[in-house]
Amino acid sequence: MPAEIRKTLLHVEKTLIEGGKAAPTPLTLIAAMAVIRNPWAGQGFVEDLGPMIRDCAPGLGTLLTEMILEASGGGDRVEGYGKSAIVGLSGEVEHASALIHTLQFGNHYRNAVGAKSYLSFCNTRGPANAPLMIPLMDKNDGGRRSHYLTIQTSVADAPAADEILIALGASIGGRPHHRIGDRYQDLKELGHDVDNPAAV
């Protein structure tokens, strides 16, 4: 069965002033969220999560991607991206992870925005109104620190104990007035090869 969705939510945040200084280009952060019944709720320990992953993840990926595209004005406008899930207190963190750590979920978003980077992520367990954290990174350049961002929000009545809150996040722009450089500068200063950052 597809995911049983109780409700969807859209969070849009626009930063016009940062550090007391107007942003040359305002930063827009978008979170598309779905509150679903945990498909493994009440079943005890389930060894094979695969069937429900295949049933639920593709539809959730499609739905949340469409919400991001509509709010952003199109995939080409999305610069930073990420994903997150909070499982309710009766579930396992593995349940939250199962629905977002699959290409059947993430590839809908990745393909729609033309991304190369992996989707940064957060997966936690918590009660209703638990903080939803969606870490973001540049969709094509994992070393571009200006787009290391985190969307923080919450849903007052979710997740219930037998629910999962699933989310995708996007940024249009990076941090206003970013001035810490990119990781490539650090690598050069440390004498590391940019193509072999771990120096192994």
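## A tour from strand 5 outward

Select residues 132-138. This is strand 5, and the strand is mostly covered: five of its seven residues are buried. The model you have open is a predicted one.

**Stop 1: the partners of strand 5**

Keep strand 5 in view and add residues 149-153. That run is strand 6, which is antiparallel to strand 5 and joined to strand 5 by five bridges. Two facing pairs are worth a click. Pick Ile 134, then look across to Ile 151 in strand 6. Next pick Pro 135; opposite Pro 135 stands Thr 150 of strand 6.

Now add strand 3. Strand 3 also pairs with strand 5 in the antiparallel sense, over two bridges. To see strand 5 meet its other partner, select Gly 80 and find Asp 138 of strand 5 opposite.

**Stop 2: the two faces of strand 6**

Show the side chains of strand 6. Which residues make its covered face, and which its uncovered one? Leu 149, Ile 151 and Thr 153 are on the covered face. Thr 150 and Gln 152 are on the uncovered face. Here is the general pattern to keep in mind: in a regular strand, side chains alternate between the two faces of the sheet.

**Stop 3: Thr 153**

Stay in strand 6 and select Thr 153. Is Thr 153 buried or exposed? Its relative accessible area is 15%. The cut-off for buried is under 20%, so Thr 153 counts as buried. Now show what Thr 153 touches. Beyond its neighbours within four places in sequence, Thr 153 is in contact with His 11, Met 33, Ala 130, Pro 131 and Leu 132.

**Stop 4: Pro 39**

Move to the loop between strand 2 and helix 1, and select Pro 39. Draw a distance from Pro 39 to Gln 152. C-alpha to C-alpha, the two are 25 Å apart in space, and 113 residues separate them in sequence.

Pro 39 has a relative accessible area of 10%, so Pro 39 is buried too. What does Pro 39 touch? Not counting residues up to four places away in sequence, Pro 39 touches Met 52, Cys 56, Leu 99 and Ile 164.

**Stop 5: helix 2**

Leu 99 leads to the next selection. Leu 99 is one of the buried residues of helix 2. Select residues 93-100 to see this helix, which is mostly covered, with six of its eight residues buried. Colour the buried ones: His 95, Ala 96, Ser 97, Ala 98, Leu 99 and Ile 100.

What covers them? Turn on the surrounding elements one at a time. The cover includes strand 2 (21-37), helix 1 (50-72) and strand 3 (80-87). It also includes helix 3 (103-113), strand 4 (120-125) and strand 7 (163-172).

**Last stop: the whole protein**

Zoom out and show everything as a cartoon. Count four helices and seven strands. Along the sequence they follow the pattern β-β-α-β-α-α-β-β-β-β-α. The radius of gyration is 18 Å, close to the 16 Å that the globule rule gives for 200 residues, so the protein is as compact as a globular protein of that length. Rotate the C-alpha trace: along its principal axes it spans about 55 × 45 × 30 Å.

Colour by burial next. Of the 200 residues, 47% count as buried. Then switch on the surface. About 9900 Å² is exposed, and carbon and sulfur atoms supply 52% of it.

Finish with the charges. Select the 18 positive side chains, then the 22 negative ones. The centres of these two sets lie 6 Å apart.

Technical notes:
Residues numbered from 1 in each chain as written. Predicted model: local features only at pLDDT ≥ 70, side-chain atom pairs only at ≥ 80, totals over all residues. Heavy atoms only, no water. Buried < 20%, exposed > 50% of the residue type's maximum accessible area, 1.4 Å probe, protein only. Contact = heavy atoms within 4.5 Å. Rg over C-alpha atoms; globule rule 2.2 N^0.38 Å. Areas by Shrake-Rupley, 256 points an atom, 1.4 Å probe, with all protein chains shown as cover. Lys, Arg positive; Asp, Glu negative; His and termini not counted. Charge placed at Lys NZ, Arg CZ, Asp CG, Glu CD. Pairing = 2+ DSSP bridges.
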